[in-house]
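Thank you all for coming; please look at the model on the screen while I take you through a few places in it.

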Amino acid sequence: MSTNTESATWTGARNSLSILAVSVALSLFTTAYEKSVIPLFASVPTLKYLGHIVHTSTAFAVITPNLSSSKIILILGCLLLLAPHTSYWISVHAARFRDPIYSPLITHALVLAPLVYFSVSLAMSVDFTALGCVCLVVYSRRSAHSNSRNTRSTVVFSVIPLIFTALLSLNPVLRSPTLVDSIVTPYNSPTYPLRILNSTQSKTGIVVVGEILPPADRSSIPLHSIRYLRVSHSLLGGVWIGDQAATIDSFPPLTDQDGTPLGDSIYSAFVLQEAVRLVSGTPQGTKGDRNHALIIGLGTGISANAFAQHGMATTIVEIDPAVYDAARQYFGLSDPGINNVFLQDARGWVRSRRAMAEAEDPSVIKYDVVVHDCFSGGGVPEHLFSIEFWNDLKAILSPEGVVAVNFAGKLASDSSQAILVTLLRAFVQCRAFHDRIEPISQEEFHTHFVNIVFFCSPSPAPLIFRPAVEEDYLHSYLRRHILSSLDEREINHAQIRDNSIWSAATEEKFVLTDAHNALNTWQEEEALEHWKLMREIIPDVVWETY
């Protein structure tokens, strides 16, 4: 009786451990799989139906007959060995359909679902290839011991996937650019005038600095001569290079650490943010006496560099160290000085500064201008847009200070309304401007993605802008075009929220708080559209090479 009890106890424990092992392996592999496809699909399209695929595959594995354990190990070994290639190449071809729903869904079904189905108890380790080899070795040993006559065929079955994987890795055409861990930069694409200067796995994803070069044969490539900074499937910024690095009066351009000339920003929103210096309704603004700037979200450092050139002491808060390093090395960001760079999440940093200010710490700076630009991958982090965050920020803003907040989306969308309503609740006044180079119709405002920069201040003084002058342009054609046309760029608040149907209850719905914040949900559809838009603007090969 005791033997049976011990046997039942051991069986139950073994089953529990098996379930735990499956859960851990599935969790680890799914995390690795997400990291491998997010650079091609961005986070929102990747995650939208990923859970459904995992749950459906798991349920299907439960209700269908199982293969023998030796066959499962063989299949898993093959699938895991090929996983880096299949996840990359299937994603590449699926993404070219430019559908933010079905493109990642196809990849999930063809790559993730089989691994989930085949009981992912051995599904994950630090390295896919190493785990695949382990699976095949286990299969070989199990089969050889069970039937020595099948040893030769077992070895053949085990070696074939290894040879196939090796051929994929060695073939320069079939090899995934993501698999070259020891890549000697710069890496030049064999099929496109594209060069990767640096690729780093970092805190927020894969941080890539690349260049789209002029075609050698002068063929028709619509977008070239740019250097860009990319994090996963989001362009944080870029500049023109080569013949496109032009300046007013042929003034010597900004250079990177290697002396390469750099031109204007490829995104005009970063220049529009600099209009925060032009606010002149207060005594401080009238004198031009703005000495301290705060940058939350660095990107390539366009605004930070401009403020430094205007003689402003600039503090930078950037969550990803690799982004800061890239801005310094490849985009000409000048040294902000000691104790002026904080590589951490802005929420905690601002909160701690507020506490220091309330404790009357003399080292706390009251900032005259703040540029808040955290848009990435089709959305913004909701915790940096709540009323609590803005109240913390106001505590380290000078009484006449001005905040420039960048946001991209559609006018009158829930997310746009929420951003405006929350800013108006936190600050006394705000004005909004768009960054489009070409004129835009009212209809396009509501159907197209638009970069909006909100300028807000706690001061009751009029929020007006002085005319830009030559010194504001810093010899930049783009700055001259954007800063000299502010009047044409203003967006009336009524274009964002419909005052005819607005009510107190409606306003409360859109105020973002830490306790009630639906910004991520409201941005989901816009993030899907943003992915599709970026795929239409930027060639596929740029997204596929990292």
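**One threonine and one disulfide**

I begin with threonine 247, whose side chain reaches the backbone oxygen of phenylalanine 251 at 2.5 Å, a polar contact being a pair of N or O atoms within 3.5 Å, where within protein one must be able to donate a hydrogen and the other to accept it, and residues adjacent in sequence count only if both atoms are side-chain atoms. Before going on, I should say that this is a predicted model, in which local features need pLDDT of at least 70 and side-chain atom pairs count only at pLDDT 80 or more, while totals for chains, interfaces and linings use all residues. Residues are numbered from 1 along each chain as its sequence is written, and side-chain values use heavy atoms, with hydrogens and water left out.

Is threonine 247 buried or exposed? With a relative accessible area of 16%, threonine 247 is buried, where buried means under 20%, exposed over 50% and partly exposed in between, using a 1.4 Å probe and protein chains only. Apart from neighbours within four places in sequence, threonine 247 is in contact with Pro253, His475 and Tyr477, contact meaning heavy atoms within 4.5 Å.

Let me now turn to the cysteines. The structure holds one disulfide, defined as a pair of cysteine sulfur atoms within 2.5 Å, and it is formed by cysteine 430 and cysteine 456, with their sulfur atoms 2.1 Å apart. Cysteine 430 is buried at 6% relative accessibility, and cysteine 456 is buried too, at 0%.
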